[in-house]
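The exercises below each set a task and then work through its solution step by step. Please keep the sequence and the model in view while you read.

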Amino acid sequence: MAKYRLEYSGITVKLANKPFAGGGEGNLYAIIEPTKLKGFVAKIYHAHKLTEVRKKKIGYLAQFPPYSTEENSDEHPSVIWVKDALYDGDKFVGFIMPYTNGEKLEILCMPKIPRKLRPQWKRFDFKASANALDMRLKLCFNICAAIHQVHSMHRYILVDMKPDNIIIQPNGLVSIVDTDSVEVVENGVSLFDAPVATPEYTPPEFYQDLDYDPTETETWDRFGLGVILYKLLFGIHPFAASSEHPYENLVTLHDKIKAGLFVHHPAKQNNFKIIPPPHKEFYKIDKKIQDLFLACFVDGHSNPDNRPTAEEWCANILLALDDEAAYKRYGHILGKGLLTSRPRFALPSSTIPFPKYPESTFKLVELSKTNVTIKPRVSQIDITQLKEFDESAKLDTGSIAMGLFALIIIATIITPFMAMVAAGYLLRKAYTNFTSQNIQVRKQAITNELSELKSKYRKKSKTVKSLQKKFKRSIRRIVPKVEKITKTLKTEIDQLKTFLQQQDERVKEIEKKAIAQYKNLNNKYVQKALSNRIIARIEHKEYDSLTKIQWELNKSHKIAVNLLTQKTPISEQHPKFKEGKIEIDSLVKEKKLKINTKTSASITKLKEQQQKEINEIIEQNSKDNHLLQNLKRLFKGSRWRDNEETLLSTKSYLKLLDFYSISQIKKIDSRNGFIHLLSGVHNKISIKDFKDHKIVMKNLLQWFDESKHQKEFKLKKIAEIKQRYRLKTKELDDQKRISLKGLSREKKEQLEKVKIEVQKVVLGAPFTKLQEQHETVTEYIDELQTDYVEEENLILQDYNILHEQIIKESKAKVSLTEQNIKALENKLQVYNNKISHPKIQANYKLFETELGQLKNVVKNLEIKESEYQKYQNISYFSFLDHIIKQK
């Protein structure tokens, strides 16, 4: 077992001989001794990863953890952070951190949970559990709470935000891992960089030319967090959809992120071709959660500060869950509070769909004016970059060096003549090596390849020029007129874009003013609350919301009650408590039965309505295909159509054959005149037994084809009905679930009231006074919150009016531009019809294809020309010079 020393605590630790896991940076080892560190593991870096910067970074992370490990030693570690640096003697080798186990979050970020994991993760499976959405929302809350712990330090950016760096357990506990890769920022200055980021979780500003490093701000993490939460709730990436013009060439997710193609972007709904079904679930979640996703991916696209923080996600998820227990347990981590949220106003450019315009016409005009004289550009490169050149030099360096040494001795000891002979020999040997090495062979091969490419370039250029001339000739009368219209069209579009940008700035200014007023309003009511003498007695903290004050009051009250109950314990077996519990259970049971009965009755009624609609369709289809009821159709176009005697005899014949419906027909053999039946007295009937059998055959064939289509339509219609009623049934089940959840909450509230009454009896006057005091101050806070909300709504009302006015103006401008574009499109249509002529289109496509091929040839020619230039610059003397310099 290897022994190591911890830097800060000085403790010696023993590690297992073999690692239990490993990665690109290092291996993980179990800690054998001391026993108090058995809940930790050691990460030993690979030798090539050990740097002075990493050593300093690990030391910094250990010194400034995002929470106190001593305070939370008994809790599940939600952030796996560096505990202490690890040394082998005086050499830094790694660090220790808390151990966690579980699965990577990615298993819940897919449409289906992997089969082998389904049993223990059943509660998160949408198909297997009615509470799956709530369970996933709670998991989202845990993730956000953990990230909030990191961000609350105001010095750490996780950067590589992705599901693989989040470990989850079936009970909903989470752990953020790989935290030694965080970016460390202090007072706006980056002390230690984050090494990597994953493109699918990287915000759009990464692809922009900015005057600052976006990884140094928390807004970077907010984008990745939004993507993770969306995938967790819906099983698909928020930017995963196929796009139409002008984004049809964007295939990768990071390209779509760069373009801001969020699937639910209000202004880009016309740009999507196919939106995968999982995205539809977005509209079933709480409206507050929807708004946060829009703020993250729409408002936050151009203004990263608009992305919601982990804290805001926590607050709104708690509201969506409507879980009082979660309020009490997790409220202390939230700073903004649940009732105070920053006002958001949608930007006009993000809300109003931009009008479509015919860009294909622009392309055609631009192509007709394209300069097809494309010349290759060659960059100068140093010949010493050639691998062959260095290798050839190395081959001769040793032998020539020895020769030069020998030459000096000969010139010194023997005669100058012998030295000249020796020098000639060495130079001859170097020349032989120079001409016979790879460098000469490669030079010749490149010369040949370059000659072929130049020939191809000349031919292709000539072809493209000829095709452009032909293409221009075919549209010479159209282009000037089209160009004039497209110029006007571009002006309209540019003016609209400028106008919407100005409107966006107006909205941003409104939001800025509203936020300032909200902050002032919040501070005003917080100060009002703190002026209360009871509130003033609780531990002083920097309260920034009424909600947080209320949580602190609840916490203080709970501590005080616990102190009283420690002296005089209260048993749940107390007669009054048991009596109250029995009464509440009875009441809840009765209400639960009513909810179940009502839901069951509604579902039964829905099933009856569904069956009635399906029966109507089947009955109508059966009526349409009934031969005896539609017998005249069989003789359509025949002189026997209205002959009662013929119709009666045919009816009798069909009854005899037990042939009543078109749906009984298996196939019709028109060539031989037979009808093959699925059921009936006979499996095969001759059509010649009917009067005017040729007309009957023709009508029967037509009727049989129609019945096939009717059958498909019937099945489709029945499937639609079933789907509609399935959704209605699901809606009833959801309502039932919400009602039962509310009933469960009501039961807890009633039990709490009973408990308080029992405490008053058992604990007497001290508790009664304490409870009255708490109820008084809670009522005071509730009154303040009511006043706050009223005043907040008045502020919001004024700004909403201004915002609606801007949106109205923007819509009017967009509508006017759409009308102008439509008018210009109508003018273009005349020329588009001419452009669509097969001959012009053939010329256009051929010219476009050949031009693309020419560009590829030029690209290859540039590469080859650069290579050729490097080899061309090499001479025998430069070769000798390089050998001497190397030595």
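**Exercise 1. Which residue in S18 is the bridge partner of His-676?**

Before starting, note that this is a predicted model, in which local features need pLDDT of at least 70, side-chain atom pairs count only at pLDDT 80 or more, and totals for chains, interfaces and linings use all residues. Residues are numbered from 1 along each chain as its sequence is written, and side-chain values use heavy atoms, with hydrogens and water left out.

Step 1. Helices (H or I, at least four residues) and strands (E, at least two) are DSSP runs, numbered from the N terminus, and two strands pair if DSSP finds at least two bridges between them.

Step 2. The bridge partner of His-676 in S18 is Lys-684. Strand S17, residues 674–677, pairs with S18 in the antiparallel sense over three bridges.

**Exercise 2. Describe the sheet around this pair, and say what packs on it.**

Step 1. The sheet is open and has three strands in the order S16-S17-S18, with antiparallel pairing. Its edge strands are S16 (665–669) and S18, each of which pairs on one side only.

Step 2. On average, neighbouring strands of this sheet are turned by 20 degrees against each other, direction ignored. Axes here are lines fitted to C-alpha atoms, for helices over the stretch in contact, and angles run from 0 to 180 degrees between N-to-C directions.

Step 3. Helix H19, residues 693–763, packs on the sheet and touches S16 and S17, and its direction makes about 135 degrees with that of S16. Contact means heavy atoms within 4.5 Å.

**Exercise 3. Check the length of H18, and work out how its buried residues are arranged.**

Step 1. Helix H18 has 14 residues (644–657), which at 1.5 Å a residue should span 20 Å, and its end C-alpha atoms are 20 Å apart, in agreement with that value. The expected span is 1.5 Å times one less than the number of residues.

Step 2. Thr-646, Leu-647, Thr-650, Leu-654 and Leu-657 are the buried residues of H18. Seen down the axis of H18, these buried residues fall within an arc of 95 degrees, so they line one face of the helix; the arc is that of the directions from the helix axis to the C-beta atoms.

Step 3. On the other side of H18, Glu-644, Glu-645, Leu-648 and Leu-656 are exposed. Buried means under 20% relative accessible area, exposed over 50%, and partly exposed in between (1.4 Å probe, protein chains only).

Step 4. The buried residues of H18 pack against helix H17 (631–634) and strand S18 (684–686).

Step 5. At the start of H18, a side-chain oxygen of Asn-643 comes to within 3.1 Å of the backbone nitrogen of Glu-645, while just after H18, Asp-658 takes a positive phi of about 60 degrees.

**Exercise 4. Is Val-159 buried or exposed, and how does Asp-178 stand beside it?**

Step 1. Val-159, in the loop between strand S9 (156–157) and strand S10 (166–168), has a positive phi of about 65 degrees although it is not a glycine. With a relative accessible area of 4%, Val-159 is buried.

Step 2. Asp-178 is not a glycine either, yet has a positive phi of about 60 degrees, and lies in the loop between strand S11 (174–176) and strand S12 (183–186). At 33% relative accessibility, Asp-178 counts as partly exposed.

Notes:
Polar contact = N/O pair within 3.5 Å; in protein donor to acceptor, adjacent residues only side chain to side chain.
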